[in-house]
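Q: Please take a close look at one loop of this model, and at what can be said of its backbone and its accessibility. Please then carry the reading onward from that loop, stating each cut-off where the term is introduced.

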Amino acid sequence: MDGKQVRVKNIETISVHGAPSEYICQEGILNELEAKLVERGFQKVLIVHGHKSWLAAKSFLPSFTSLECEEHTYRGECSLSQIETLAELVVNGSFDGIIGIGGGKVLDLVKAACHLTKKPSVLIPTLASNCAPWTPISVIYDELGGFIRYDVYPVSASLVLIEPKILLDAPINMLIAGIGDTLAKWYEADVQMAGIENKSVPLQVSHYTARMCKDVLLQHSERAINAARAGVLNEDFMKVSEAIIMLGGMVGGFGDHYGRIAAAHSIHNGLTVLKETHQALHGEKVAYGILVQLMLEGKQGEVEQLLPFYHELGLPVSLRHLGIKVINDEVIAFIAEKSAIPEESIHVMPIGDVTAVRVSEAIAKLEKMNASNFIN
């Protein structure tokens, strides 16, 4: 169904990008990498990775006997200049495709360069921190880490291979951030789709998988994190990892813009304007954004229900947890203004005009509630 147009009465046309062409999550699957590449007609491939991701994955990769390959280490951001640099390298080197090995930024960089060069991508995630391996989307930042935009591509990855032991050995904070990012799938999709009557089949799939994201994470996250800390691959870890990568990707893949981002990601984008938050992970900022979104929706009761889960996992419930030491009206207004610019996804919510003032009030109310009722 990838790329087919689906028209639904009373809503905008959506485009379904349901899945990569092939996806396998299994111990030892990287032993089949070369055969999968040959099957696709590749003769020369470029492997793009970061320093840490290469260390994490290298021992799991086979030695190629019938393929030519070269390596490229990315410089830390999925930025316009880095995308152009990688695209030029691919064209000048006459590569048949790009293998991306790493976290979300590496994979987003590879997808962007593949789009520019019209080459297929093969993605091998080293973190269960987001749905980047699944979705034909790149988040574009400037060289300093500030958010610029999201780009959506017409073609999904040719192949996604997941070695769960690599994910298991990844930093725990990346897994926790992935849980926060994926939890947002439910809240950002539901606020857009709950009021749509007679949903099309793709929207039903999207809404259902969004709910699955929440249910799986609330049920299995604590045990999955404990498994990761113990270095033991168990069912809970597998379920949470695939919820983050597969289910999270399916929400937007089948729901298109109705299943993608709303206020939680806008708050994330607003937070990126503050240098203090650059050390916080994407999923941590999004997790905080969920709480702000719920306050905007007038769902303080749901915030209170989520807080014990946040505390148990160590997800941020205050700007202080994101590295902001001085929290005042000026700082809150600065975040709110960026979060509420006309181009932001915060405006897809059917809750009336979302102004910077409303966002400031929601953040301030959340901060006050946590300061008075919960430990920071």
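A: In this predicted model, Asn198 is found in the loop between α6 (172–193) and α7 (201–230); helices are DSSP runs of H or I with at least four residues, strands are runs of E with at least two, and both are numbered from the N terminus. The backbone of Asn198 has a phi near 50 degrees, a positive value in a residue other than glycine. Asn198 counts as exposed because its relative accessibility is 69%; the classes are buried under 20% relative accessible area, exposed over 50% and partly exposed in between, with a 1.4 Å probe and protein chains only.

Residues are numbered from 1 along each chain as its sequence is written. As a predicted model, it is read for local features at pLDDT of at least 70 and for side-chain atom pairs at pLDDT 80 or more, with totals for chains, interfaces and linings using all residues, while side-chain values use heavy atoms and leave out hydrogens and water.

After this loop comes α7, with 30 residues. The end C-alpha atoms of α7 are 41 Å apart, which agrees with the 44 Å that should be spanned at 1.5 Å a residue; the expected span is 1.5 Å times one less than the number of residues. Even so, α7 bends by about 55 degrees at His220, where a bend is the angle between axes fitted to the seven residues ending at a position and the seven starting there. Just after α7, Gly231 takes a positive phi of about 70 degrees.

A positive phi in a residue that is not a glycine appears again at Asp256, where the value is about 55 degrees. Asp256 lies in the loop between α8 (235–255) and α9 (263–271). Unlike Asn198, which is exposed at 69%, Asp256 counts as buried, because its relative accessibility is 13%. The side chain of Asp256 meets that of Arg260 in a salt bridge, at 2.9 Å from N to O; the criterion is a side-chain nitrogen of Lys or Arg within 4 Å of a carboxyl oxygen of Asp or Glu. Arg260 is buried as well as Asp256.

Side chains of opposite charge can pair when their charged atoms come close. A search of the whole structure finds 13 salt bridges. One of them joins the side chains of Lys165 and Glu27, at 3.4 Å from N to O. Here the partners come from distant parts of the chain, 138 residues apart: Lys165 is in helix α5 (residues 164–168), and Glu27 is in the loop between β3 (23–25) and α1 (33–39). Lys165 is partly exposed, with a relative accessible area of 39%, and Glu27 is also partly exposed, at 45%.

Another salt bridge brings together the side chains of Glu39 and Arg40, at 3.7 Å from N to O. Glu39 is exposed, with a relative accessible area of 57%, whereas Arg40 counts as partly exposed at 23%. Through shared partners, salt bridges join Glu22, Lys36, Glu39 and Arg40 into one network.

A further bent helix may be set beside α7. Helix α11 (residues 300–313) has 14 residues and reaches 20 Å from its first C-alpha to its last, close to the 20 Å expected at 1.5 Å a residue. The bend of α11 is about 30 degrees at Leu306, and a proline, Pro308, follows within four residues. Pro308 lies in α11 and is partly exposed, with a relative accessible area of 49%. The C-alpha atom of Pro308 is separated by 21 Å from that of Lys239, with the two positions 69 residues apart along the chain.

An α-helix has 3.6 residues a turn, so residues three or four places apart point the same way. The buried residues of α11 are Val303, Leu306, Leu307, Phe309, Tyr310 and Leu313. After α11 comes Gly314, which has a positive phi near 85 degrees; just after α7, Gly231 likewise has a positive phi.
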